Amino acid sequence: MEIVIGDKSLSENKAEQIRSIIVNEVSRFGLKLDKLGKLILAEDYEEEVVLEIRFIEGKDNDTYREYAKRSMAIKIGEETLNKDVELTVIVRKEGWKGIASGNKDYEKYCIHVINHEFVHVHDHDMKYYRMFSPEKMSGGKSLEYVLRYESDAAWSEYIAERMSSHTATIVSIDRAIDNMEIRVNRLMNISDEEALNYDRFSNYVTEILISLSMLMGICHGQGKDSNKSIAVDELVREIIEDERLLKAWDSIGVELSNLFDKYPNWNDVEELDGLAKVIENTWKEFGLL
């Protein structure tokens with residue numbers, strides 16, 4: 001893995017100190033990062049994302065461009081499903097500049113941001129090169145395919161938080177809760193016009209389910225009976241209130257825990273179907289199916 005630091009004002013000693021801290025963190029936890037070619041600690045995050053997408057895919061990708069506007073870090077390269085393409089992780093400056101800064105709390109937060117993305121790389125390797133059959137990862141717009149696709153997105157955020165829970169901080173947990181609350185408020189205050197837009201409405205519901213999966217990863221990673229997990233669970237229930245989402249929160253917890261118990265010894269993509277059923281039932285609750 002090459003570590004590229006975009007801030008050229010840093011001395012070489014400081015840059016090497018940052019690299020050393022990151023490498024030491026990675027080596028402690030045995031993640032499978034063979035497919036990670038580069039970690040870019042960006043000076044201009046959004047520009048780096050655009051350039052890397054062009055390099056890997058040979059064209060612009062509006063989905064990544066939009067995601068870069070609101071994210072702290074991103075993994076790029078998985079869309080090709082080409083075993084010869086190495087993945088790239090890019091981190092916004094606010095997500096890495098605390099490393100070797102002398103501010104231990106900020107450094108811990110930055111390490112967590114990077115670890116979260118590294119688990120995404122690890123999980124990608126486990127699923128797409130070891131567990132999932134390529135022919136089953138295509139299916140166009142069939143409901144089965146779409147539900148598995150969304151389940152994979154939810155699982156990915158769950159596992160990224162659960163397997164990086166050793167570096168989670170109060171700040172990273174608070175940000176995950178804040179993000180979920182923003183999504184819940186957006187759905188609960190949806191306009192009549194937006195509610196008639198099927199794609200937008202379904203996206204609002206699905207994004208909440210993905211946020212809930214991430215928060216469940218925090219709870220399970222910290223230990224279900226830990227003070228942090230209990231506090232997160234109480235906050236989630238207080239924020240979402242809606243009975244349909246509360247039912248989804250409880251059901252998601254069961255399915256994600258079952259998936260983790262078997263991971264990485266899944267038979268194939270069908271392992272996601274229990275989680276897919278939760279998503280399908282939630283869509284039905286909101287009149288989307």
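Helices here are DSSP runs of H or I with at least four residues, numbered from the N terminus. The model on screen is predicted.

**Stop 1: helix 5 and its ring pair**

Select helix 5, residues 143-162, and show the side chains of W155 and Y158. These two positions are three residues apart in the helix, so about one helical turn separates them. Their rings form an aromatic pair with centres 5.6 Å apart and 40° between the planes, a tilted arrangement. Both W155 and Y158 are buried, so each has under 20% relative accessible area.

**Stop 2: from W155 to Y263**

Keep W155 selected and add Y263. The ring centres of W155 and Y263 are 5.1 Å apart and the planes meet at 55°, so this pair is tilted. Pairs count as tilted here because their plane angles are neither under 30 degrees (stacked) nor over 60 (edge-to-face). Where does Y263 lie relative to the helices? Y263 is in the loop between helix 10 (243-262) and helix 11 (273-285), while W155 is in helix 5, so the contact ties together parts that are 108 residues apart in sequence. W155 and Y263 are both buried.

**Stop 3: the ring cluster**

Now extend the selection to F132 and W266. Together with W155, Y158 and Y263, they make up a cluster linked by ring pairs. In the whole structure there are six aromatic pairs.

**Stop 4: the negative patch**

Clear the rings and select D174, D178, E181, E234, E238 and E241. These residues form a negative patch on the surface. Two elements each give two or more residues to the negative patch: helix 6 (170-188) and helix 9 (227-240). Which of the elements gives the most? Helix 6 does, with three residues. Pick out D178, which is found in helix 6. Is D178 buried or partly exposed? Its relative accessible area is 42%, so D178 is partly exposed. That value also passes the patch cut-off, because patch residues need over 30% relative accessible area and no salt bridge.

**Stop 5: a nonpolar patch**

Finish by selecting L143, Y198 and L289. On the surface these three form a nonpolar patch, with about 280 Å² of accessible area together. L289 sits in the segment after helix 11. With 46% relative accessibility, L289 counts as partly exposed, because that class covers values between the buried limit of 20% and the exposed limit of 50%.

Key:
Residues numbered from 1 in each chain as written. Predicted model: local features only at pLDDT ≥ 70, side-chain atom pairs only at ≥ 80, totals over all residues. Heavy atoms only, no water. Patch = residues over 30% accessible without salt bridge, like charges linked within 9 Å, V, L, I, M, F, W, Y side chains within 5 Å. Areas by Shrake-Rupley, 256 points an atom, 1.4 Å probe, with all protein chains shown as cover. Salt bridge = Lys/Arg side-chain N within 4 Å of Asp/Glu carboxyl O. Lys, Arg positive; Asp, Glu negative; His and termini not counted. Charge placed at Lys NZ, Arg CZ, Asp CG, Glu CD. Buried < 20%, exposed > 50% of the residue type's maximum accessible area, 1.4 Å probe, protein only. Phe/Tyr/Trp six-rings, centres within 6.5 Å; stacked < 30°, edge-to-face > 60°.
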